Amino acid sequence: MTHTTLPFAPADAPRLEILKDAGMLTLRMTGVWRKDIPLPDPRPVRDALAATPPPATLRFDAAGVTAWDSLFLTFCRAVLALAGERRVEADLSGLPAGAASLLDLASKVPERQGAARKTRHAPFLERMGDLGLAVSQAVVNLFDFVGDVTLACLALLRGKAVFQRSGLVALMYQASVEALPIVSLISLLVGLILAFVGAIQLSQFGAQIYVSTIVGIAMVRVMGAIMTGIIMAGRTGAAYAAELGTMQVNEEIDALRTFGFSPTQFLVLPRMIALVLMMPLLCIYADLMGILGGFIVGVFMLHINPVQYLTHTWQSVPLANFWIGLVHSTVFGILVAMAGCYRGMRCGRSALGVGQATTSAVVTSILAIIIATAIITVACNIIGV
Amino acid sequence: MEASTSAAAPAEQPAIRVENLTMAYGDFVIMRDLNFTVNRGDVFIIMGGSGCGKSTLLRVLVGLKEPAKGKILYREGSLWDSEPEKRDVILRRTGILYQSGALFSSMTLAENIGLPLSQYTRLKPKEIRELASLKLALVGLAGFEDFYPSEISGGMCKRAGLARAMALDPDILFFDEPSAGLDPVSAHLLDELILELRDSLRATFVVVTHELASIFAIGNNSVFLNVETRTMSASGDPKELLAHTTDPNLRHFLTRGEE
């Protein structure tokens, strides 16, 4: 009989002795086998099982185990797996009764074949192909959504769109009155900043009065719309994505579909109407706040006569700019509502999915706002307004 | 999941004792004057009709909601009279299976189970992974370690939730409506699993349910929350309650309203 004792360990520590006798391999376990104490090294067991000639049976002698928990079970399970590989018969009778029945329970349902994931590094071409397919799928999805929204708008025009009118009022309130404080603050500050930047240059020529022109044109033509667009992307677009995303997770959107409602009409359309109607109003408000910002700098820092500042603003800002600003903000309203709703509707069914939907809604809206601004600016240049 | 072969268990100290417990939301009293004892190794059923406060009682027992009055005594001490640190220690000896599983959706099943282990033990990642596989195998989900909760069925989520509840080898396992949303066969298998685990883990189970089949199959002790009187009206083995109770509400409940 050969006898291997593992290195010394304190009295309570788990100890493993491997006893070899004829065809019988006995694992004598003693001490406390619990999560708070490291397990003994399992390698000698593997070596003993791999020895030639291999043992015929594996026996446990756990009479000396004073306390155990599931870490003990993982050790036994690993040993049993090794024994299974070597076709060594295992005898569980020496284990504590509870442990034996748990091991039995754990092996009752066989591991599902093919369930375990193999993380495989796909070749470059395959990954590029997957990426291409994903991108083209995304484009198809986007067109699908835009088409759905267009159909919903047509249904609205024919008076056949189904959605809650009372919900629309609440959405409009959220997208306007509730946004006023942040829009006021930001537009006022943007007006101040524009006036300051202009004032430094213009006062060199003694042309401080043109600060009113700079602030007026910049705010009314584009800045008011862009600032409200970006605020609403972060505020309302993100809220739409999170709201619809959570509805997707809770299967509320499926419930709508099964009732025969079109989710695009019921959920997307009112949000779009709310933003398209409210964004131009917010934009006009932002224009005024921006001009007020410039007015503060002009009157209190540059000592321009207040009446003169206002009349000069009125005379030097062509009315066309005001309409261009409104076009911007209407387009931004559509884009922010579409981006928020699109991301929300395509949200994955998990908390993670809602987070991703919200993030990409904001990113998409801001990107769309900037691109749309560029396009409108070029278009205005071409038609000469 | 802790066994001691050296010393005989000390004179049976109850796993949980509830004394004069009153629960309320604001001024609205849900249940008053609850008194019952959960013994070690019990499968203790909290039963009652919808809206009677079963789930609220569970939330109070596991430290999620403060009771208006009364005491909950675990072996280590009174839950709500303890300092927050002590409360955490008490609660670490418990595991909870939520109604929908409540698995963290951004983590794989193995990561879900490994999370408490990596927080409260000093095990190596490989050992944590092995423990997670063991727990999954115990609930019949061997091989599903790397799946995300969204990729498996509702019943599987529930079993994975049970595996996570067992992660720290708790003495007491709480179940909120374990059979809700499961087909009868799966619900029966889950009941069997509970009994098998009770026998081999020697753990205590507290189960909130209104499934009569489960109540009689697994429960050996129970409390009935009466929604009309807003207090408990009976406690004991559900089978004996059915045989002997004279309380019309409880009879009504235990016989599906046929008596």
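Buried means under 20% relative accessible area, exposed over 50%, and partly exposed in between (1.4 Å probe, protein chains only). The model is predicted: local features need pLDDT of at least 70, side-chain atom pairs count only at pLDDT 80 or more, and totals for chains, interfaces and linings use all residues. Residues are numbered from 1 along each chain as its sequence is written, chains are lettered from A and ligands numbered from 1 in the order in which they are written, and side-chain values use heavy atoms, with hydrogens and water left out.

**Exercise 1. A salt bridge within chain A**

Task: Determine which elements are linked by the salt bridge of Asp61(A) and Arg28(A), and classify the accessibility of both residues.

Solution.
Step 1. A salt bridge is a side-chain nitrogen of Lys or Arg within 4 Å of a carboxyl oxygen of Asp or Glu. The N to O distance for Asp61(A) and Arg28(A) is 3.1 Å.
Step 2. Asp61(A) belongs to strand 4 (residues 57-68) of chain A and Arg28(A) to strand 3 of chain A, so the pair links distant parts of the chain, 33 residues apart. Strands (E, at least two residues) and helices (H or I, at least four) are DSSP runs, numbered from the N terminus.
Step 3. Arg28(A) has a relative accessible area of 33% and is partly exposed. Asp61(A), at 22%, is partly exposed as well.

**Exercise 2. Two salt bridges within chain B**

Task: Locate the partners of the pairs Asp171(B)–Arg93(B) and Lys126(B)–Glu130(B).

Solution.
Step 1. The closest N and O atoms of Asp171(B) and Arg93(B) are 3.0 Å apart. Asp171(B) sits in the loop between helix 5 (154-165) and strand 8 (172-176) of chain B, and Arg93(B) in the loop between helix 2 (84-91) and strand 7 (94-97) of chain B, so the salt bridge ties together parts 78 residues apart in sequence.
Step 2. Asp171(B) is buried at 18% relative accessibility, whereas Arg93(B) is partly exposed at 22%.
Step 3. For Lys126(B) and Glu130(B) the closest N and O atoms are 3.3 Å apart. Both residues lie in helix 4 of chain B, four residues apart, about one turn of the helix.
Step 4. Lys126(B) is exposed at 61%; Glu130(B) is partly exposed at 28%.

**Exercise 3. The interface and Lys35(A)**

Task: Describe the contact of chain B with chain A and place Lys35(A) in it.

Solution.
Step 1. Contact means heavy atoms within 4.5 Å. Chain B contributes 35 residues and chain A 29 residues.
Step 2. The two chains bury about 2800 Å² between them, 61% of it on carbon and sulfur atoms. Buried area is the accessible area (1.4 Å probe) that two parts lose on being put together, summed over both.
Step 3. The rule finds one salt bridge across this interface. Lys35(A) forms a salt bridge with Asp169(B), with 2.6 Å between the closest N and O atoms. On the chain B side, helix 4 of chain B gives the most, with eight residues.
Step 4. Lys35(A) lies in the loop between strand 3 and helix 1 of chain A and counts as buried at 10% relative accessibility. Not counting residues up to four places away in sequence, Lys35(A) touches residues including Asp69(A), Leu117(B), Leu131(B) and Asp169(B).
Step 5. A network of salt bridges links Lys35(A), Asp69(A), Lys135(B) and Asp169(B). Over all chains, the search finds 17 salt bridges.
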